[in-house]
Amino acid sequence: MSLKEPVDIRQRLMVGASASVASHWLMPRMSKFVGGAPDIDVTITTFIRRQEIENEGADVWICNWQTAIDRRIEPLMEEEIIPVCSPELASLYGNDASEILRQVPLIHIDRAQNEQNGPYPDWGRYLREFGVNRNDIAKGPRFNQASPSIEAAKLGLGAILGRSLLIEDALTTGSLVQIGEAYPIRSPYFIVSPWTPTAPATVNRFKDWLHEQVSGPIASGAAVLA
């Protein structure tokens, strides 16, 4: 008597997100989804440039632009830009927010503006709009990605203009503190998926879970230092 091979009923899902959003926002939450959906195997694919994910066969991706390719686009959440530094560095300036912004070393993130359309200000723009005058704005270490700049800020190298999605955990644990007002323009994020997914029930299950993760108020950091 021949034995039938077991039928593989597990579902597979490929999820795309930028390397920074995947590391700082998605992965800390993924255990909740995996624990509640043991029948789904999730693959996380990360990207730096939008062309990388738009040419990838992801079932769902999270991005901060409205793609021009023919996909279903749904709003997910928004993020703020918040000036932060380590509590140890803030204490060197008496925890005085105005004094910190005038004197603290600045960490810069060199973003490729043609790769993102989020309203991310640089330090020059932020300080100008909040009426802080400095003649050394261009000085300080520079990074081309958000993740190492966050680590640099935690280590006390200077202050960064942090993206609220990426620094949420650092603000909660106290490894970073907010040293000024959030920039007044928020950047929207979207869920992108095919109009007719290969496994619609699996895709919809994950999208519903994503919406659950942002159903509460948007994190904008701890209380601002006075």
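Is phenylalanine 33 buried or exposed? Phenylalanine 33 is buried, with a relative accessible area of 4%. This residue gives the tour its starting point, and the model on the screen is a predicted one.

**The whole chain**

Before selecting single residues, display the entire protein chain as a cartoon. Its secondary structure comes to 8 helices and 10 strands. The chain has 226 residues, and buried residues make up 44% of them. Among the contacts with a separation of 6 or more, 82% are accounted for by residues 24 or more positions apart.

**Stop 1: helix 1 and helix 8**

Select residues 19-36, which form helix 1, and residues 200-213, which form helix 8. Two packed helices are described by the angle between their axes and the distance between the axes. Here the angle is about 125° and the axes are 11 Å apart. Helix 1 is therefore oblique to helix 8. The crossing of helix 1 past helix 8 is right-handed.

Next, show the side chains where these helices meet. On the side of helix 1, select Trp25, Leu26, Arg29, Met30, Lys32, Phe33 and Gly36. On the side of helix 8, their partners are Arg205, Phe206, Trp209, Leu210 and Gln213. Coloured by class, this contact of helix 1 with helix 8 shows 7 nonpolar, 2 polar and 3 charged residues.

**Stop 2: the aromatic rings**

How many aromatic pairs does a search of the whole structure find? The search finds 6. Select phenylalanine 33 and phenylalanine 206, which form one of these pairs: the arrangement is edge-to-face, with 5.0 Å from centre to centre and 90° between the planes. Phenylalanine 33 lies in helix 1 and phenylalanine 206 in helix 8, so the pair ties together parts that are 173 residues apart in sequence. Phenylalanine 206 counts as buried, at 0% relative accessibility.

Now move to tryptophan 123 and tyrosine 126. Their ring centres are 5.9 Å apart and their planes stand at 90°, so this pair is edge-to-face. Tryptophan 123 and tyrosine 126 both belong to helix 5 (residues 123-129), where they are 3 residues apart, about one turn of the helix. Both tryptophan 123 and tyrosine 126 are buried.

Before leaving the rings, return to phenylalanine 33 and add Trp209 to the selection. Phe33, Phe206 and Trp209 are linked into a cluster by ring pairs.

**Stop 3: threonine 202**

Remain on helix 8 and select threonine 202, which lies in that helix. Threonine 202 is buried, with a relative accessible area of 6%. Which residues is threonine 202 in contact with, leaving aside its neighbours within four places in sequence? They are Gln11, Leu13 and Ile40. A distance drawn from C-alpha to C-alpha between threonine 202 and glutamine 11 reads 7.1 Å, although the two are 191 residues apart in sequence.

**Stop 4: helix 1 and helix 7**

Keep helix 1 on display and add helix 7, residues 164-173. The axes of helix 1 and helix 7 come within 8 Å and cross at roughly 55°. Helix 1 is therefore oblique to helix 7. The crossing of helix 1 past helix 7 is left-handed, whereas that of helix 1 past helix 8 is right-handed.

For the side chains, select Ser20, Val21, His24, Trp25 and Arg29 in helix 1, which meet Leu165, Leu166 and Glu168 in helix 7. By class, the residues of this contact divide into 4 nonpolar, 2 polar and 2 charged. Trp25 and Arg29 in helix 1 also appear in the contact with helix 8.

**Stop 5: two loop residues**

Select serine 86, in the loop between strand 5 (81-85) and helix 3. Serine 86 counts as buried, at 1% relative accessibility. Leaving aside neighbours within four places in sequence, serine 86 is in contact with Ala153, Lys154, Gly156, Ser175, Leu176 and Val177. From C-alpha to C-alpha, serine 86 and leucine 155 are 7.0 Å apart, with their positions 69 residues apart in sequence.

Finally, select asparagine 95, in the loop between helix 3 (87-91) and helix 4 (97-103). Asparagine 95 counts as partly exposed, at 37% relative accessibility. Most residues other than glycine have a negative phi. The phi of asparagine 95, however, is near 55°, a positive value.

Notes. Residues numbered from 1 in each chain as written. Predicted model: local features only at pLDDT ≥ 70, side-chain atom pairs only at ≥ 80, totals over all residues. Heavy atoms only, no water. Axes fitted to C-alpha atoms, helices over the stretch in contact; angles between N-to-C directions. Helix = DSSP H or I, 4+ residues; strand = E, 2+ residues; numbered from the N terminus. Parallel < 35°, antiparallel > 145°, perpendicular 65-115°, else oblique. Left-handed = near helix turned anticlockwise from the far one by under 90°. Contact = heavy atoms within 4.5 Å. Nonpolar A, V, L, I, M, F, W, Y, C, P; charged D, E, K, R; others polar. Phe/Tyr/Trp six-rings, centres within 6.5 Å; stacked < 30°, edge-to-face > 60°. Buried < 20%, exposed > 50% of the residue type's maximum accessible area, 1.4 Å probe, protein only.
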